[in-house]
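Morning, everyone. Please pull up the structure on your screens. I'll talk you through one sheet and a few charged pairs.

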Amino acid sequence: MDETTAVKRLVDNSLRSTSSHIPLDTIQETILCRLPIKSLLRFRCICKPWDSLISKDLKFAKKHLRVSPKRQHLVTTTTPSGAEDLTMSVMSCPFDSLNLHSNLHSKSTQLDYSPILSSKYHDGLVASSDGILCFTVNGRAVLYNPCIRKLQELPYIDLPHKKGSTYYAFGFGYDPFIDNYKVVADMYIYETQVIETHSYTLGTASWKRIKDFPSKFSMNGFSKSEHGIFIRGAVNWLTSNSYGYSRDIVSLDLGKESYQEISLPDLPDLPFGDEYKQTLTLDVMRDCLCLFDIYQGKRPDRHAFTDVWLMKEYGDKESWIKLIRLPSFASYADFMNIVYISEDNHMLLVFRNNSKFKGGVYDSKNDTITIKSSRTQDKLGMVKSKVYLESLISPS
């Protein structure tokens, strides 16, 4: 007897309302909310109340997210090299945090929905929150939940025409104050030298302008991660001052819609200029704000490496710890993305090597790396991966 037949029989028995069977409400409250989404989507056909519960009931979706076993997936976006075709490919596969090597062999499924397809170099994956993925596609934000295959294209930001205006960065996350999700967009206005910030709340019809990005900071310069990183109800960007010297993190609290500065850790004092090039990148690892401090040697005797820092207590500079120093994989990769760091400091990596997509697991204890090539795409331009959570939360 398959799973669907078994559950349907349970429902049929419950509908007879005999005292020896489990009440239908109990099935919904204690059983359905713990099942995998793949099973729930099949169970929609059992009866109309279940179809409505699984497809439309936000309260049930949130309870399922809260109490069901956490099932994760890995989404990877790639774009081909060359100026003629920049169509973005979006792949997804199950993710196993307990056995990182198994992820190198997982079969990926292409998410080929046309609104996600892009033709611009800077388009791509912004963030994920509770199963909803946020992309930038042709200058606008697109929200998509691949588990339930629902998509929402946000409207363009309605602004008076300003010569030279351009979107600069997006952020996406959950606002606990209103129990809803928000997208924020920062737009650099060349004429006024101001970074305007706009906010969009799911379920509304338009963007609203909120407090501008702090004027003493610039988001370009040191950081190669132009989109904001969400954690603890706030979106975070790496910044520098107008002279490019002082570096900090600027955090936007989604609930209060206000900014604060967060100090970086005390980074090594290395000889830059002709010897080293430094790049800083923000992310979230182990549920902590994470800083990747990347050093590229400009001379043969200057070896490249990446220092990985974790902020154990969000907002507290004294809680920064240097977790690990990752060696250079120059012989393997010319573009690398650190996707996940386990509790025993194994690291899941995706990277580009000779214009081909590859995945790897680095064992820091033994200083070894396992690499597997992928057949998903040749002539690769960019690659980016994020772990996301399976959920029933709708982006619309």
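Start with valine 142, which stands opposite glutamate 153 in β7. Before we go on, a reminder: this is a predicted model.

Now look on the other side of the pairing. In β6, valine 142 is also the bridge partner of phenylalanine 135. Another facing pair is leucine 133 and tyrosine 144, the latter in β6.

Let's step back to the strands themselves. Strand β5 covers residues 132-137 and strand β6 covers residues 140-145. They pair in the antiparallel sense, over 5 bridges. β6 and β7 are antiparallel too, and here there are 4 bridges.

What about the turns? The hairpin of β5 and β6 has 2 residues between the strands. Asparagine 138 in that hairpin takes a positive phi near 55 degrees. The hairpin of β6 and β7 has 4 residues between its strands. In that turn, arginine 149 has a positive phi of about 60 degrees.

Now the whole sheet. In what order do its 4 strands run? The order is β4-β5-β6-β7, the pairing is antiparallel, and the sheet is open. The edges are β4, residues 124-129, and β7, residues 150-153, and each of these pairs on one side only. On average, neighbouring strands in this sheet are turned by 20 degrees against each other, ignoring direction.

Back to β6 for a moment. How many of its 6 residues are buried? The count is 6 of 6, so β6 is mostly covered. Here is a rule to keep in mind. In a regular strand, side chains alternate between the two faces of the sheet. Check that against β6. Arg140, Val142 and Tyr144 point one way. Ala141, Leu143 and Asn145 point the other way. All of these are buried.

Next topic: charges. Side chains of opposite charge can pair when their charged atoms come close. How many salt bridges does the model have? The count comes to 12. I'll show you three of them.

The first on my list joins the side chains of aspartate 175 and lysine 182, at 3.1 Å from N to O. Are these partners buried or exposed? Aspartate 175 has a relative accessible area of 0%, so it counts as buried, the cut-off being under 20%. Lysine 182 is at 4%, so lysine 182 is buried as well.

Next, glutamate 196 and arginine 209. Their closest N and O atoms are 3.3 Å apart. This salt bridge links distant parts of the chain: glutamate 196 sits in strand β10, residues 194-201, and arginine 209 in strand β11, residues 208-210. The two residues are 13 residues apart. Glutamate 196 is buried, at 3% relative accessible area. Arginine 209 is partly exposed, at 46%.

Last pair: aspartate 266 and lysine 317. Here the closest N and O atoms are 3.5 Å apart. Again, distant parts of the chain are linked, with the two positions 51 residues apart in numbering. Aspartate 266 lies in the loop between β16 and β17. Lysine 317 lies in the loop between β19 and β20. Aspartate 266 has 63% relative accessibility, so it counts as exposed, the cut-off being over 50%. Lysine 317, at 34%, is partly exposed.

One more thing to find on your screens. Salt bridges with shared partners join Asp175, Lys182, Lys208 and Glu257 into one network.

That's my tour. Over to you for questions.

Note on methods:
Residues are numbered from 1 along each chain as its sequence is written. This is a predicted model: local features need pLDDT of at least 70, side-chain atom pairs count only at pLDDT 80 or more; totals for chains, interfaces and linings use all residues. Side-chain values use heavy atoms; hydrogens and water are left out. A salt bridge is a side-chain nitrogen of Lys or Arg within 4 Å of a carboxyl oxygen of Asp or Glu. Buried means under 20% relative accessible area, exposed over 50%, partly exposed in between (1.4 Å probe, protein chains only). Two strands pair if DSSP finds at least two bridges between them. Axes are lines fitted to C-alpha atoms, for helices over the stretch in contact, and angles run from 0 to 180 degrees between N-to-C directions.
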